[in-house]
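Hello,

I am passing along the structure we talked about, so that you can look through it yourself. My notes on what turned up follow below it.

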Amino acid sequence: MSWLRPRDHNLFVNLGSLLLCGLVAGVVVAAAFFPGVALSGLMAKESLEQFDKLPSELIVDDGPQISYVLAADGETRLAAMYDENRRNVPLHDIAPVMIDAIISAEDRSFYEHNGVDVRGIARAFVANTAADEITQGASTITQQFVRLALTYFSDDLQDVVDATEDTTGRKLREARYAIAVEQQLTKDEILNRYLNLAYFGEGAYGIFAASQVYYGKRPADLELHEAAFLAGIVRSPSQYSPATDEGRRITTDRRDWVLDQMVDTQVITPAQAAEGKAIPLEVEPERLPNMCVGVATNHWGFFCDFFYRWWLEQEAFGATPWEREQRLRGGGFQIVTTLDLDVQESMKDNVEETLATGDERALMLSAVEPGTGKVRAMAANRRFALDDPDDPENGPHTDPARRADGVRGTYPNTTNPLLSGGGDIVGYQGGSTFKLFTAIAALEEGLPLSTRINAPTRVTTRFPVSSGPCAPRWCPQNVNPSYMNGVRDMWSGFGRSVNTYFAQLVERVGPEKAVNVAERLGIKFRASGTAENPQDAQFAEEPLSRSWGAFTLGVSSTTPLDLANAYATVAAEGVYCEPIPVEEIRTPGGDSLGVASPRCNRVLDEQVALAAADMARCPVGGDSPFNRCQPNGTAEVASEIIGKPIIGKSGTSEGERSALLVVSSKQITVAGILADPDWAETTQRMKHDFVNPAVIDTVRDAMEGVDGSDWARPTDRDLIRSESAGIPNVECQTVAEAERRLEEAGFDVRIDDDPVDSDCPAGRVADTSPSGDGFEGDTVTIRISNGSGDDGGGDDGGGDDDDDSGPGRPGEPTIGPGPPPGDED
């Protein structure tokens, strides 16, 4: 960083430089010491006037600084994010020997001149002429600081360009600025800012980064020979690089020269210099890994990526994503995240034990804290890394068409946001986990948990479809009739994941209301299409949402994070909190930013949420305070293993293309999805014996040593059960008369269009399901006689069979061929 740049030096070149420097020095000295005096004896009046007109007001600020991303413990570093690896330190945190070394090497008269050193110009000329090379620069530390400040802080792009040009004009401007800076800042402030801005090579900007990169220590701990090395390379880091044998030799000579200068300036003794020179130069710089691909532990990468994407969405950090990223990479923040290292380690271990990295199926888990939205862990059986195109590790693409084109899959290496969504990742079909949204919508519409509906093997609804066994009507079915069929209420319908119960329930409520609940609980509809080819985003809007009956069975896509947060909202008794990855964000000055605060609001009535939680005990082996959960919930082993109060739900999409499980205590919610991120139409069957153990064991580990509190019993009786009422006997009556009597008695009436054997005349009512006693608001199905005289009845009972999808881990059956993808258990 000198006025005199490396070039062939002979006497004439150096003489020219001396004359130029003398001219500049004359102007500077005159301006510094004789302002307002006629200077005809020193130089032309015009020259002084021109010099006085040069700009002198310099913007002085801190350079861009590295931001550190820490775990929730506030100490463990997850990642560093920067454009320039720089961390400002005060002068008192820099070893005195480093200060002595930089002054001796760069500007031994620093504390004596007023910004420009006339004697230093002459001394540099003599030294460089004698050595026939540039060994000393004529620029003072103040001038070098000016050059750096113009590069970093000027609002005028031309100033930045001019600051790097080797011209007389540039040197005059630097001199003018240097004089002004000396009046604006103290010597120590100038020196401190210079040491924090200067580039030391190997991506190290400033003395803190240089100390870390070259020696792995803080600047306060630098020793003499280390300080001499750093002071020696700052003038030309690319020239003085110890990366090669020749570079090490040149750099050693440079270090030893600095030690000699320190002797010359009497800050060390000759003996100390000799001791420093005797130490071999053994420097192996380690550049600091940058951004999320450089996380300290690889499986933290997916959480880090979620944090990074979250930051880019926060308007508090800038008007555009580009501005926000610049703020992150240059703002010098200390960011304490929500990542719980114990939960994260347990989750990753459970994932790998169940389905190790390298498998083309992705096992993806996320954990959220109910009531705060703090994301506590994210793990998958993937390495968070870019696959090297020159030496690829990733396996063949699972989509046959793309595999035929030679495209590789995203396993084991990927940086795609598999767990949080974004970019091309829209999620994975949610299956029966979405039945929660229909149940909540029903509760909000006044239908209690005791609402009973006859759930046959197949039911034909009013919702239109373009294909399927009952087209143009949607007719989902239960695959395991003995386990699912019969008269169900919400407890048993949800506990055994009865498709035909929820198909009829959403018919009564309206799919648009279930969609609205999902949106309030944080489900995002990322898949977007066109009017001709609508996808989730279009179906979620009216009027299409009014006919989206299949939504109740989870045809829509979701991510582990969205799904965990939706169930966490129920666990928090109706309080939704935006998923947030930060506990605290501190500025370099130590101020805490409010943007890290939880963002929560109530989206469900507390009693509705408690009723939904009561129902959601049933699938995971819990019991309702009203004793309404039936045995053999779809994932009932969870309660036994975890041993604390929990709620949850399993799900499987059509064709078993995805398998899901959500389990929540009041303290933590974990959602897991097993799917193929590369090919949504995979022909592989995703099994619960992978996703269930990983989720259940993660909740168990997280709750170890925690007193798991339970949800309160809902007190709003209207949400639990209606008054009991006898179902009128309408056998052999006309359908119209039977429908009228049942509605007058307070029942919701459904007519089964498939005639059954009966003694009653054809076209009359054969019987109802259920019959006998019921509750107001129950759905009663009228079955029509075919007049055969043989009442064959039908299965109106339950059944204890359960489709075990994993060793000791009950899963849930899926439906067979049928309407739109996603019809499942």
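The notes below go through the disulfides, then the cis peptide bonds, and then the backbone angles.

Please keep in mind that this is a predicted model.

**Disulfides**

There are five disulfides in the structure. If you number the bonded cysteines of the protein chain in sequence order, they pair as 1-2, 3-4, 5-6, 7-8, 9-10. I will go through three of the bonds here.

One of them joins C292 to C304, with an S to S distance of 2.1 Å. This disulfide is left-handed, because the torsion about its S-S bond is about -80°. C304 lies in helix 13 (301-313), while C292 is in the loop between helix 12 (270-277) and that helix, so the bond ties together parts that are 12 residues apart in sequence. Buried or exposed, what are the two cysteines? C292 has a relative accessible area of 6% and is buried. C304 is buried as well, at 1% relative accessibility.

Another disulfide links C732 and C760, whose sulfur atoms are 1.9 Å apart. The torsion about the S-S bond is about -75° here, so this link is left-handed. It connects distant parts of the chain, 28 residues apart: C732 sits in the loop between strand 18 and helix 27, and C760 in the loop between strand 19 (748-756) and strand 20 (765-769). As for accessibility, C760 counts as buried at 4%, whereas C732 is partly exposed at 32%.

The third bond I want to show you is between C470 and C475, with an S to S distance of 2.0 Å. Which hand does the link of C470 and C475 have? It is right-handed, with 90° about the S-S bond. C475 is buried, with a relative accessible area of 1%, but C470 counts as partly exposed at 22%. The cut-off matters for C470, because buried means under 20% relative accessible area.

**Cis peptide bonds**

While you are looking at C470 and C475, have a look at A471 and P472 too. A cis peptide bond joins A471 and P472, and its omega is about 15°. P472 belongs to the loop between strand 9 (453-455) and helix 18 (481-484).

A cis peptide bond also joins E542 and P543, with omega about 10°. Where is P543 found? Its place is the loop between helix 22 (536-539) and strand 11 (557-558).

**Positive phi angles**

Two residues are worth a look on the Ramachandran plot. E202 is not a glycine, yet it has a positive phi of about 55°. You will find E202 in the loop between helix 8 (187-197) and helix 9 (206-215). With a relative accessible area of 22%, E202 is partly exposed.

The other is C732, which we already met as the disulfide partner of C760. Its phi is near 70°, a positive value in a residue other than glycine. The loop that holds C732 runs between strand 18 (724-726) and helix 27 (735-744). So C732 brings several of these notes together: a positive phi, a disulfide to C760 and a partly exposed position, since its relative accessibility is 32%.

Happy to hear what you make of it when you have had a look.

Best wishes

Conventions. Residues are numbered from 1 along each chain as its sequence is written. This is a predicted model: local features need pLDDT of at least 70, side-chain atom pairs count only at pLDDT 80 or more; totals for chains, interfaces and linings use all residues. Side-chain values use heavy atoms; hydrogens and water are left out. Helices (H or I, at least four residues) and strands (E, at least two) are DSSP runs, numbered from the N terminus. Buried means under 20% relative accessible area, exposed over 50%, partly exposed in between (1.4 Å probe, protein chains only). A disulfide is a pair of cysteine sulfur atoms within 2.5 Å.
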